[in-house]
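Visitor: Could you walk me through this model, one question at a time?
Guide: Gladly, let us look at it together.

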Amino acid sequence: MNKRKKTGILVVLLLLLFGFSGYNYVMHGGARDLTQEDTAFTVTSDRITEEFKSNTEVSNKKYLEKAVAITGKITAVNDNEIILNNTIVCNLKNKNKNLKNVENVTIKGRIVGYDDLMGDIKLDNCFVVIND
C-alpha cells in the first residue's frame, strides 16, 4: 500500500473513533446519579419560580445543571412526570404510582432549563425525597 492510502485509512479510523466516542458521551456520559450527589440548593417551588421570572440569566448561572431539592404541591401527575405548582416540570427517574395531586412533596433533580415563554422550570433525573 502506498502512503496516501495508509493515511486515508488512518484518518477514517480516527473519525470513526471520535464519532463513536462522541455518540457514547452524548447518549450515556451526561447521566448522573443524583442520589449520591449533595444537594446544591433547597428551595420552595414559589421561590425558585420567582427567581427565574425576575432574572433568568442570574438564575441560570446559579441553578443550571445543579442538584436541587424543591418543595411544592403536586398539580399534575403523568407516567414519568410530575408538575409542582403548575411551573416545575420534573421528569422522574423511575415511575412512582403513589403520588397524587394536591400532595406536598420534596423532589430532588437536576435543573436543565427554564422556558420563559411558558414560565416552566425543567428538571430531569428527579426522585421523591420527602412525601408529606
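**A tour from helix to core**

Visitor: Welcome aboard! Which residues is glutamate 51 in contact with, leaving aside its neighbours within four places in sequence?
Guide: Contact here means heavy atoms within 4.5 Å. Glutamate 51 lies in helix α2, residues 45-54; helices (H or I, at least four residues) and strands (E, at least two) are DSSP runs, numbered from the N terminus. Once neighbours within four places in sequence are set aside, the contacts of glutamate 51 are Ser59, Lys62 and Tyr63.

Visitor: Before we go on, what kind of model is this?
Guide: Residues are numbered from 1 along each chain as its sequence is written, and side-chain values use heavy atoms, with hydrogens and water left out. Local features need pLDDT of at least 70, side-chain atom pairs count only at pLDDT 80 or more, and totals for chains, interfaces and linings use all residues, as this is a predicted model.

Visitor: Is glutamate 51 buried or exposed?
Guide: Buried means under 20% relative accessible area, exposed over 50%, and partly exposed in between (1.4 Å probe, protein chains only). Glutamate 51 has a relative accessible area of 18%, so it is buried.

Visitor: And isoleucine 48, buried or exposed?
Guide: Isoleucine 48 also has its place in helix α2. Among the residues it touches, not counting those up to four places away in sequence, are Val43, Tyr63 and Ile70. Its relative accessibility is 0%, so isoleucine 48 counts as buried.

Visitor: Which element supplies the largest share of the largest nonpolar core?
Guide: A nonpolar core is a set of buried Ala, Val, Leu, Ile, Met, Phe, Trp, Tyr and Cys residues joined through side-chain atoms within 4.5 Å. The largest one has 20 residues, and Ile48, Ile70, Leu84 and Ile107 have the most contacts inside it. The largest share of this core, four residues, comes from β5.

Visitor: How many bridges join strand β2 to β5?
Guide: Two strands pair if DSSP finds at least two bridges between them. In β5 (residues 104-115), nine of the 12 residues are buried, and asparagine 104 of β5 stands opposite lysine 73. Strand β2 (residues 67-77) runs antiparallel to β5, and the bridges joining them number seven.

Visitor: Last one: is leucine 13 buried or exposed?
Guide: Leucine 13 is found in helix α1, residues 3-29. Its relative accessibility is 52%, so leucine 13 counts as exposed.
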